[in-house]
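Here is a short walk through one model, strand by strand and then side chain by side chain. Keep the viewer open while you read.

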Amino acid sequence: QVQLVESGGGLVQAGGSLRLSCAASGIIFSSATMGWYRQAPGKERELVAFITGASNTNYADSVKGRFTISRDNAKRTVYLQMNSLKPEDTAVYYCKAWGPMDNWGQGTQVTVSS
């Protein structure tokens, strides 16, 4: 059974930083493409960033230069370092593992105050 457990969300002032973590179990983590999505109130869920098993990365234009996705295969964990946060980054952030069936975490709230 696949489990993705996010942590690290919270309330931060604009310009601040947060680091999200997603611990995975039940998948072959080292080869899995992992990513982060976010969903703000009244908006569709959007892709923020992903990282492949070969550690190739891709980012949404809105977060390029501010967010960094990384992975630690030994810890089976993917991270999202978020710097220079803006109020428009406020959302529930979800971890995703691509596979025969896509798997999602439960989400973690990030709130950026102005």
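## Strand pairing in the open sheet

In this predicted model, five bridges hold β1 and β3 together, and the two strands run antiparallel. One of the matched positions puts leucine 4 across from alanine 24, its bridge partner in β3. On from there, β3 pairs with β8, again antiparallel, over six bridges. Here cysteine 22 faces valine 78 in β8. Then β8, residues 77–82, pairs with β7 in the antiparallel sense, also through six bridges. Serine 70 sits opposite tyrosine 79 of β8.

Put the pairings together and you get an open sheet of four strands, in the order β1-β3-β8-β7, with antiparallel pairing. The edges are β1 (3–7) and β7 (67–72), each of which pairs on one side only. Going from one strand to the next, the twist averages 15°.

## Two residues to look at in the sheet

Start with leucine 4, which belongs to strand β1. Is leucine 4 buried or exposed? Its relative accessible area is 6%, under the 20% cut-off, so leucine 4 counts as buried. Setting aside neighbours within four places in sequence, leucine 4 has a long contact list: Cys22, Ala23, Ala24, Met34, Cys95, Lys96, Ala97, Asn103, Trp104, Gly105 and Gln106. For a sense of distance, the C-alpha atoms of leucine 4 and tyrosine 59 are 21 Å apart, with their positions 55 residues apart along the chain.

Next up is serine 21, in strand β3, which covers residues 18–25. Serine 21 is buried as well, with a relative accessible area of 16%. If you skip residues up to four places away in sequence, serine 21 touches Val5, Glu6, Ser7, Trp36, Thr77, Val78 and Tyr79.

## Aromatic rings

How many aromatic pairs does a search of the whole structure find? The search turns up three. One to zoom in on is the pair of tyrosine 37 and tryptophan 104, which is edge-to-face, with 4.9 Å centre to centre and 65° between the planes. Tyrosine 37 comes from strand β4 (residues 34–39) and tryptophan 104 from strand β10 (residues 103–104), so this pair ties together parts that are 67 residues apart in sequence. As for accessibility, tyrosine 37 is buried at 14%, whereas tryptophan 104, at 35%, counts as partly exposed.

Zoom out a little and ring pairs link Tyr37, Phe50, Trp98 and Trp104 into a cluster. Arginine 45 is worth a look here too. Its charged end sits over the ring of tryptophan 104, 4.6 Å from the centre. Arginine 45 also lies over the face of tyrosine 94, at 3.7 Å from the ring centre.

## Salt bridges

Side chains of opposite charge can pair when their charged atoms come close. In this model the count is five salt bridges. One of them joins aspartate 89 to arginine 38, with the closest N and O atoms 2.9 Å apart. That pair connects distant parts of the chain, 51 residues apart: aspartate 89 is in the loop between β8 and β9 (91–97), and arginine 38 is in strand β4. Both aspartate 89 and arginine 38 are buried.

Aspartate 89 has another salt bridge, to arginine 66, at 2.7 Å from N to O. This pair also links distant parts of the chain, with arginine 66 in the loop between β6 (57–59) and β7, and aspartate 89 in the loop between β8 and β9, 23 residues apart. Arginine 66 is buried, just as aspartate 89 is. Add Glu46 to the picture and you have a network of salt bridges linking Arg38, Glu46, Arg66 and Asp89.

Elsewhere, lysine 96 and aspartate 102 meet through their side chains in a salt bridge, at 3.4 Å from N to O. Which of the two is buried and which is partly exposed? Lysine 96 counts as buried because its relative accessibility is 7%, while aspartate 102, at 38%, counts as partly exposed. Lysine 96 is also one of the residues in contact with leucine 4.

Definitions and conventions:
Residues are numbered from 1 along each chain as its sequence is written. This is a predicted model: local features need pLDDT of at least 70, side-chain atom pairs count only at pLDDT 80 or more; totals for chains, interfaces and linings use all residues. Side-chain values use heavy atoms; hydrogens and water are left out. Buried means under 20% relative accessible area, exposed over 50%, partly exposed in between (1.4 Å probe, protein chains only). Contact means heavy atoms within 4.5 Å. Two strands pair if DSSP finds at least two bridges between them. Axes are lines fitted to C-alpha atoms, for helices over the stretch in contact, and angles run from 0 to 180 degrees between N-to-C directions. Rings of Phe, Tyr and Trp (its six-membered ring) pair if their centres lie within 6.5 Å; planes under 30 degrees apart count as stacked, over 60 as edge-to-face and the rest as tilted. A charge sits over a ring if NZ of Lys or CZ of Arg is within 6 Å of the ring centre and within 35 degrees of the ring normal. A salt bridge is a side-chain nitrogen of Lys or Arg within 4 Å of a carboxyl oxygen of Asp or Glu.
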